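Colleague: I would like a close look at a single part of this model. Please take one helix, say what lies around it, and then follow its surroundings outward.

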Amino acid sequence: MSAKLEYPAARRDETVTNDFHGITIQDPYRWLEDPDSTETKTFVNEQNALSNPYIHSYQHRELVNKTLTKMWNYPKFGCPHKRGPRYFYGHNSGLQNQSVTYMMDDLEAEPQIFIDPNTFSEDGTVSVSSKKFTKDGSLCALSLSSSGSDWKTIKFINVETKEYLPDVLKKVKFSCLAFTPDNKGFFYNCFPSAADNHEGEEVDQNLNQKLFFHRMGTDQSEDIICAEFPDNPHWMSAASVSDCQNYLLLEISESCKPVNKLYYYDMRSHGSEGFTGLIPFIKLIDKFDAEYDYITNEGTVFTFKTNLDASRYRVITIDFENPGPENWKTLIPEHPTDVLENITCVNQDKLIVIYMHDVKNEMYVHDLATGERKAKFPLEVGSIGSLSGRKEDTEIFYSFTSFLAPSRIYRCSLTTDSVTPAIFRDNQIAGIDVSNFETSQVFYSSKDGTKIPMFIVHRKDLPRDGNNPVWLYGYGGFNISLTPYFSISRLLYLKHFNGIFALPNIRGGGEYGEEWHKGGKLDKKQNCFDDFISAAEYLIQEKYTQASRITINGGSNGGLLVGACINQRPDLFGAGISDVGVLDMLRFHKFTIGHYWVSDYGCSDNKEDFEYIIKYSPLHTVKEPIIGQFPALLVCTADHDDRVAPLHSLKYMATVQHVLGKSEKQTNPLLLQVECKAGHGAGKPTAKIIEEVTDKIAFMALTTGLEWRD
C-alpha cells in the first residue's frame, strides 16, 4: 500500500459563485485561471514538487528511460512529395528532437538538407507545424511554433538558395497557407487584436479572425484584409487555390461541427496589381448545413467530398455555371457501411479514395469522370498514415502502419488502371521481434446495448488469468477516429511489463460516420463514458485483467473522458492519467478557442445544455467513494497549452485534493504535473516525449503493480 501523501493547501475562495439558470455553483479556485499571478505559479511549483519526486521514486525509472530511448532510436522516414521539379521528405535519424526535411532533384539523387528545425532552438522546442510550396516549387512558407503553442510565425524560404526572405508574419493562429498563382502574394489568417506578449500562455478568447493578403517583399503592417466577419466573431476561414490556379476558394466554419460555408472568387477577373481590399466572393453555399471539402475541378465543374444527406460521406460535382443544388450530381455515392475518409486527385483523371471499414483502412482507385471504381490497393489490417500525390503527379506515395508495425512507405504508379505498389522505405526497429505479439478486434456491448469495437494488443502467450495490467486509451469526440497506429511507448509496455493495450472506438468519434459522432455529443455525451466504462468491464469479464490493474488514459477530449469516468466509477480502475483535459465544462467556452467546442459539448449559458453538462463535468462531480478509495490519478498539462488552457487541470486537481486528500483511506496518489515550454502536444521534441512517457510508465508501475521483465 502506498504511503499517504501530504498535499499543498490551495486557497479556497468560496465567495466566488456563478448563477446558472437559478442554480448557484461555487468556483473557489477561479484565481487559478490567471496564469501570470504569483499565487498560480506558486501552486504549480508546489504541485510539481510533489509529483516529480513521487514519479522519480520508481526503482526502474532509469531503466525504463534507457530502454525507451534505445527503442526510439531507429530511422523514421516520411512520405516523399513532389513540388516543382524536386522531391521533399521528412526524416529523423532516431533521436533528433525534430524531423529534418530533405530535398532531392530526383529519387535517385543524393538528399540535401532543406529545413532542419533542430537549428532553430537549443532545446528543440521550435517546430515546423506546416509548410506550403508555390505551384512551381520555388518558394516555401513555413509555419513555426514555439514551445508547442498554437500561435505561429510564418517565414518564407527560397528553395533554390535555401535563403530566408525578409517577410515575417506574426499573430497567426489556425491559419491557411496559400500562395497566389504568380507567387507574388500569400493568403493567411491571423487575430490582429491579439496581445503582443505571452504567446502560448494567455487564456483570452480567440475571436474575430481575419483573412489577410500579404504582398511578398512588403511589411506585414501593409497586409490587406480580404475577408472578415465582424457580425460573427466566432467564424474562422481558410483560403485555398484551385488545381487550375484560377479560383480562390474560401471555407468558413463556426465550430468543430463538420459543416462549412463555401465561397469562391475567379482570380482571372482580378488585375495583376494585387488585392487591395475585401474580396467580392461569390457565395456558392451560404449556410452551415453540411461539409464541403474541395477535391479538384475540371474547368467550372468542381468535385467535393460532402456529408450532405450522407453521414458516411459521398462525392458530388457542382458546375459553377449552374450552381443550383438541383443541378448537383453524385459522382461516388455514400457507402452502405464504410466511411469515406479521404480522397485525392492524381494523374489528371484518377481519384485515390480511402475508406474506413470497421476502423481499418481500405484504398481504391476511381475514375474522375465517371466515379467508377477501377482498382483496390492490397492493404493489411491497419491505417494509411499519410498520402502524397497531386493532380499533375503520375504516382503516389503512402505510408501504412499498424499497432505492431512502424510506418512503411509505398510508391505506386497510376499511369494505368491497375495498381502494383512497391515498398519505397521500410522503417524497421532493430532487435524487436513483433511476431511475439498479436492484435485482435472485439465487439462488446455498451450500457444501452450498442456494439462497440475495441482493439486489444498483447503477447501471444498472455495468460487469461485476470491479472494482467491494461493500458486503456480512449477519445470519443469531434468526429475523430482512432485507427491502428504504431507506438514505441506501448510496445515497451507490452514487451517489458507483459501489459495489454486496449483501444475502444467509443461513440463521439467518426469511426462509423456522423451518426456515430452524434451518438456521443451534446445531450448524448454520457454515451462516451458508458462505452469506455463498458470496455473496462468487458476486459475484466473476459479474464484479461482486474480493476486494480487498469490504467485509463486520454488526452484533450480524452482527458475529459478520463476525468468523467474516474469520477463516475472509481471502483473500476486502478489509475487514471488525464492529459491536457477539458475538465471545467461550465466555463471552457470562455477561454482561447473553447467556443469552437460548443458544437460537441453544448454551452452552460443555455439551460438545456447546462442540465446535462453539470451531471458529468469532472470539476463539478468529484466526491469521495462510499466504499474504498479514489484511483491513483495523474493530471498532466503544459504551460504553453493555449488550446485547452492549463486552468482546467489546475482547478480540477485543487478540487480533487481538497475533497479526497485528507481522507485517511486515500493512500493512492492524486498528482498534478505541469510541463514547461510545452503545449497541447504538437511539435514536442523527442527528448521531452521520452521523458513524458517515462514518467507515465513509472506512475503506472507504482500504482498498478507493473513488474519489469527483460
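Modeller: What follows is a walk from one helix to its partner, its core and the loop after it.

The model is predicted, and the part I have picked is helix H5, residues 526–541. Its partner here is helix H6, residues 557–568. The axes of the two helices come within 10 Å and cross at roughly 70°. Angles of 65 to 115 degrees count as roughly perpendicular, so H5 is roughly perpendicular to H6.

On the H5 side, the contact is made by Gln 526, Cys 528, Phe 529, Phe 532 and Ile 533. H6 brings Leu 560, Leu 561, Ala 564, Cys 565 and Gln 568. Sorted by class, the contact has eight nonpolar and two polar residues, and no charged ones.

Next comes the core. The largest nonpolar core has 133 residues, and H5 gives the most to this core, with eight residues. In soluble globular proteins, nonpolar side chains tend to be buried together. Met 454 and Leu 472 have the most contacts inside the core. Setting aside neighbours within four places in sequence, Leu 472 is in contact with Met 454, and its other contacts include Phe 532, Ala 535, Ala 536 and Leu 539. Leu 472 also meets Ala 502, Pro 504, Ile 550, Thr 551, Ile 552 and Asn 553. Another core, of 22 residues, lies apart from the largest one; among its members are Phe 229, Trp 235, Val 241 and Phe 275.

After the helix comes a loop. Gln 546 lies in the loop between H5 and strand S35, residues 550–555. With a relative accessible area of 33%, Gln 546 is partly exposed. Not counting residues up to four places away in sequence, Gln 546 touches Gly 466, Asn 467 and Ile 540. From C-alpha to C-alpha, Gln 546 and Glu 6 are 28 Å apart, and in sequence they are 540 residues apart.

H6 leads on to one further helix. H6 is among the elements that cover the buried residues of H9, and the cover also includes H1, strand S37 (632–638) and strand S38 (670–675). Helix H9, residues 647–660, has 14 residues, and its end C-alpha atoms are 20 Å apart, which agrees with the 20 Å it should span at 1.5 Å a residue. Twelve of the 14 residues of H9 are buried, so H9 is largely enclosed by the rest of the structure. Among the buried residues are Leu 647, His 648, Lys 651, Gln 657 and Leu 660.

Note on methods:
Residues numbered from 1 in each chain as written. Predicted model: local features only at pLDDT ≥ 70, side-chain atom pairs only at ≥ 80, totals over all residues. Heavy atoms only, no water. Axes fitted to C-alpha atoms, helices over the stretch in contact; angles between N-to-C directions. Helix = DSSP H or I, 4+ residues; strand = E, 2+ residues; numbered from the N terminus. Parallel < 35°, antiparallel > 145°, perpendicular 65-115°, else oblique. Contact = heavy atoms within 4.5 Å. Nonpolar A, V, L, I, M, F, W, Y, C, P; charged D, E, K, R; others polar. Core = buried A, V, L, I, M, F, W, Y, C linked by side-chain atoms within 4.5 Å. Buried < 20%, exposed > 50% of the residue type's maximum accessible area, 1.4 Å probe, protein only. Expected span 1.5 Å × (residues − 1).
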